[in-house]
Amino acid sequence: MAKKEKDIPMPMQLGSVKKQPVGVRVVCGILKYLFLALIVAISIGPIIWAGLSSFKTYAEINTSAIALPKSFNFKNYADAFKYAPIQEYFLNSIIIVLVSVAVTVCFVAMCAYVVARYNFKLKTILVLLISASLMLPAQAISQPLFAIFKTLGLYDTKFGLIIVYAAMGIPMSFFVMVSYYKTIPVALEESAYIDGATFIQSFTKVVLPLAKPGLATIAMLQFINTWNEFYFALMLTSGDTARTVPIALNYYLGTFANNYSALFAAVIITVLPTIIIFIILQKQVMESMTAGAVKG
C-alpha cells in the first residue's frame, strides 16, 4: 500500500540550515588566513632570508642575521664564482639534469600508457617490480653500483650519472602517469581508430597532447630531484668533469667558512633554477593534480 503524500519525508530546505553566528565566521576566517600565512612563511622564509643575506657584508651578517642589508652588494656573487668553479659545476648539472629528464619523460610516457590501457601477461609482475624499486634504499645498491661503474668505465662521467638519475626517476614518474592516463577518456582513442588512425598516431596526436600536464609534472619532479641529488653525485664522481652543484656547495664549504656572504650567494645561485622551473610549469602541475577530480 502506497504511503500518503503527506507521510513522505520532505528534504530539508536550504533556508532552514542554521547559520553560524557572524562572530564565529569572522574568527574562523582570521584563523584560516593566519594558518595560510604561517605555511607561506615557513615555505619561503628561508629563501628570502638567504637571498637578503647574500647581499650583506660579513660584518652585517655577524651583527644581525635578520636585519635588512644596508646596500645590495653584488660582489658576493662574484666571490662565489671566484672562490669555487660554480660555473663548471652549474653547466654539469644542466647537462645531466636535462638529459635525464628527457630520458625519463620519454620512457615513462610510453610505458605508463601501455600499462594503463592494456592487459597483458606479466603486467602484475612488472608493476610489482617497479613498486619494489621505490622501497629499495640508495645505500643498498651503492656497492654493486660503484663496482659496475668502475668495471664499465662509467665512473666520474656525465653519462653514468644520467643513467642513475633516469633510473631513479622512472618508478615514481611511472605511477604518476599511469594515474593520469586513466583520467583521459578511452572514447577519444576509439574515435581516432574509427577515423583510421594507427596506434602510434592515436598515441602521439590524441593522448600525448592531453597528457601534457602530467608530463610537465613528472618533468618538474625529476628536475628538482636530480638537481638537488647529492649522494650518488658524490659517490660516483671524483673530479670536476661530472660533479654537480650540490657537490660544489659541500666541497667548497671550507672555503666559504669565513665568508658567509659568498656562501649565501652560492646557495641562491643553486636554488634559483628550481624556482624558475616551478614558476614556468606550475599551471600544468595544478591541472595534473586536479585532473582526477573532474573525471566523470
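The following paragraphs lead through a predicted model, from its confidence to one of its helices and a buried tyrosine.

Confidence is considered before the details. The protein has a mean pLDDT of 84, and 88% of its residues reach 70 or more. Among its elements, helix α7 (residues 158-181) has the highest mean pLDDT, 93, while helix α12 (residues 245-251) has the lowest, 79. Over residues 1-5 the pLDDT is below 50, and this stretch has zero contacts in the model beyond near neighbours in sequence. Where pLDDT is low, the predicted coordinates should not be read in detail.

Helix α10 covers residues 212-227. With 16 residues at 1.5 Å a residue, this helix should span 22 Å, and its end C-alpha atoms are indeed 22 Å apart, so the two values agree. Because 12 of the 16 residues of α10 are buried, the helix is largely enclosed by the rest of the structure. The buried residues include Leu 215, Ile 218, Met 220, Phe 223 and Trp 227.

Two packed helices are described by the angle between their axes and the distance between the axes. The axis of helix α9 (residues 199-210) comes within 4 Å of that of α10, and the two cross at roughly 65°. From α9, Leu 208, Pro 209 and Leu 210 make the contact; from α10, Lys 212, Pro 213 and Leu 215 do so. Five of these contact residues are nonpolar, one is charged and none is polar. Pro 213 and Leu 215 also belong to the buried residues of α10.

Tyr 180 lies in helix α7. Its relative accessible area is 8%, which is under the 20% cut-off, and Tyr 180 therefore counts as buried. Although Tyr 180 and Ala 116 are 64 residues apart along the chain, their C-alpha atoms are separated by 9.0 Å.

Definitions and conventions: Residues numbered from 1 in each chain as written. Predicted model: local features only at pLDDT ≥ 70, side-chain atom pairs only at ≥ 80, totals over all residues. Heavy atoms only, no water. Expected span 1.5 Å × (residues − 1). Buried < 20%, exposed > 50% of the residue type's maximum accessible area, 1.4 Å probe, protein only. Axes fitted to C-alpha atoms, helices over the stretch in contact; angles between N-to-C directions. Contact = heavy atoms within 4.5 Å. Nonpolar A, V, L, I, M, F, W, Y, C, P; charged D, E, K, R; others polar. pLDDT = per-residue confidence, 0-100.
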